Amino acid sequence: MKRIGLLLIAILQLAAVTWMIASREIVLATGQEVKFVTSPVDPADPFRGRYVALRFEAAVVESETDLAPASGPICAVLSVDNDGYATITALLADPPADAPYITITRWYRTWDNPVPAEVTDETANDVPQTYHYALTLPFDRYYMNEKAAPQAETAYREALANRTQTAADPKGNYLAVCVRNGKAVARQLYIDGQPVEEMLRAKSQAETAD
Amino acid sequence: MNTSVPNDRPHIAWLYRQLPDWRSRGILTEEAEAALREQYGPEPVADYRRITSILFAALASLLIGGGIILLFAYNWENISRPLRALLSIAPLLATYAAGYFTLTRRQEHATWKEGVAVGNICALAAAIALVGQTYNIPGNLATFLLTVSLLSLPTIHLFRSTGAALLYLVGIVIWRWESHDFHHHESLHDYALFWILLALVIPLLLRHLKTGSFHASRILLTAMIAAAAIAMPVQGMEEWGFLSAYALTASAIVATRALDDKNALILPGVSGLAHVGLFVILLFLSFGDTWKTCNFHGEKALGTTVLLSALVAGNIALWTLLNVRRKPLIAQSWAAIGLATIALRLATAEVESTHLVTALANLAGLALGATTIVCGYRAGRMGQVNGGLVVIGGILFMRFLDSDMSLVLRGCGLIAIGIAFILTNIILSRKMRKEKAS
């Protein structure tokens, strides 16, 4: 009887862990790969522990019309350009039929409603508003080996600083994400267009050669 | 073995160590020694040895599991993602193998069961964390802890592991604090889930009680009470809600200890803490402002009402038992604080002015202190006498702080209380010594 109990425990626990693995492997294997441009994080500490904390330009959406439903999870519809970079063009309550999308469970909305002096109560509803949506994308970190992390931190800051100073192509720093049926799995972080691990290896070799 | 004697291994072990010496000195006859051994049963294995071996087993599980993970971590980046995922599960599979061995060959060994159960929970947590790292899954400590805790429950009950249960309790307490939204409204099920998770350990506690594992029962019950107490502030109760809950819980602890102090399920330290807690609550209740805040709304009110009702029912049952079994007045008095708090609050809820209820609360506190002094004196227990003096002194001290008296007068008043405290101590202890001598 107890052995059956142990078997059931093994099935339950393994099923939970296996589901975590399988659901993400399916997305990585069959999902559409898109790129999300990373935006600067707090330069004092972009790394917490052994991972890179990431923020994305696409996570902030502005619109003249109210895109999202009142509350609850939403579907962030993606528009992908020729280079594979994604932006969020719509926020829907239900999944779209033909476009890639990501399910967002945490988000909030604010709006600007400047009211000129001449506006009366009757005309208040006609005042144009700008809606701002801050979305918590389901991929806010990239784990790295703890020895490589400090080197990656330096490289990451330099890459972001270069972006500001030289107005270099800002799309050199991005996270490659696989998307399928609303689920998103981070695959690779790129700095200056290179996978971060390769970039660090090349940098290390260059420094050794010097 | 006579079931009415204390089932307390350390005391029985101590007694057995004394017997040879007593027999050699003529204090006991051989027949008397045999009768005692028959009364208390076979010599118990020293608790500390058993607990130490269990702790070492659990520690060994953690160290072995951690070592294996670190070996993998050395070359982690060069391992492919699917292989990393499989290696994450490896320690978990090892615990199943160890579990099978334990259930088939070491079923009666608590050391093995505790070690395997703790190892399984740690391996499970490590597996989920490593998979999260492999797939860059956004971190959420609350979700992680809740997942691990829920998946650990079958392990806890299958192996009847107190160590695993303690890990579980730590997990759910941290989960509750992490998941609490300090800025937004939480619904009833957010609060109820914690109590349900806590209650899921009760079958293990009952099992320990049934099998006479008294030490394990005590530890588990103490941990459950601590878990409830630590989580209470984030359980959506307004100040009065968790003040009442703490008062009722502490009263229940005091009553339970008093009901069966020989086979005490409540550790002496826990009972002592409960007394201190009740004293602190009495001090809070002696202030008028405490009685002003009592507004429950909506779902929070329902949750608070359900919890307090359950605690009140439990307190009434325990206090009635104390009364029926004619336990000492001091025990009944302290055990009644929780009920008295609720009763006073309900009786004066509609009264706008708090002066009456505050005065009653202060009088009740002083009366409790006086009762404690008198009972302590009669029983010859200076500790109880001092406890009563502390209660009275504390309430008077609070009144000094609360009043509009000048600093000089307050200072003089405090000095007077301190002197009265010392003099009372000296006088009563001399009287008690004289009475004992005579």
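This briefing covers helices, a surface patch and backbone angles in a two-chain predicted model. Local features need pLDDT of at least 70 and side-chain atom pairs count only at pLDDT 80 or more, while totals for chains, interfaces and linings use all residues. Side-chain values use heavy atoms, without hydrogens and water. Helices (H or I, at least four residues) and strands (E, at least two) are DSSP runs numbered from the N terminus.

**Helix H6 of chain B**
- H6(B) covers residues 141–159, and its 19 residues should span 27 Å at 1.5 Å a residue (1.5 Å times one less than the number of residues).
- The end C-alpha atoms of H6(B) are 26 Å apart, which agrees with that expectation.
- At Ser152(B) the helix bends by about 35° (the angle between axes fitted to the seven residues ending there and the seven starting there).
- A proline, Pro154(B), follows within four residues of the bend.
- Buried residues (under 20% relative accessible area, with exposed meaning over 50% and partly exposed in between; 1.4 Å probe, protein chains only) include Leu145(B), Val148(B), Ser152(B), Ile156(B) and Phe159(B).
- Their cover, by contact (heavy atoms within 4.5 Å), includes H1 of chain A and, from chain B, H4 (81–105), H5 (110–134), H7 (162–179) and H9 (202–210).

**Helix H18 of chain B**
- The 31 residues of H18(B), 407–437, should span 45 Å, and the end C-alpha atoms are 45 Å apart, which agrees.
- Gly413(B), Ile417(B), Asn425(B), Leu428(B), Ser429(B) and Met432(B) are buried in this helix.
- Helices H16 (355–379) and H17 (382–402) of chain B are among the elements covering these buried residues.

**Nonpolar patch on chain A**
- Met1(A), Ile4(A), Leu7(A), Leu8(A) and Ile11(A) make a nonpolar surface patch of about 590 Å².
- Nonpolar patch residues have over 30% relative accessible area and no salt bridge, and their side chains are joined within 5 Å.
- Leu7(A) belongs to helix H1 (residues 2–30) of chain A, and it counts as exposed because its relative accessibility is 52%.

**Positive phi angles**
- Most residues other than glycine have a negative phi.
- Asn181(A) has a positive phi of about 50° and sits in the loop between strands S12 (174–180) and S13 (183–191) of chain A.
- With 61% relative accessibility, Asn181(A) counts as exposed.
- Asn136(B) also has a positive phi of about 50°, in the loop between H5 and H6 of chain B.
- Asn136(B) is buried, at a relative accessible area of 5%.
- Arg160(B), which follows H6(B), has a positive phi near 50°.

Technical notes
Residues are numbered from 1 along each chain as its sequence is written. Chains are lettered from A and ligands numbered from 1 in the order in which they are written. Patches are made of residues with over 30% relative accessible area and no salt bridge: like charges are joined within 9 Å, nonpolar side chains (Val, Leu, Ile, Met, Phe, Trp, Tyr) within 5 Å. Accessible areas come from the Shrake-Rupley method with a 1.4 Å probe; for residues, only the protein chains shown count as cover. A salt bridge is a side-chain nitrogen of Lys or Arg within 4 Å of a carboxyl oxygen of Asp or Glu.
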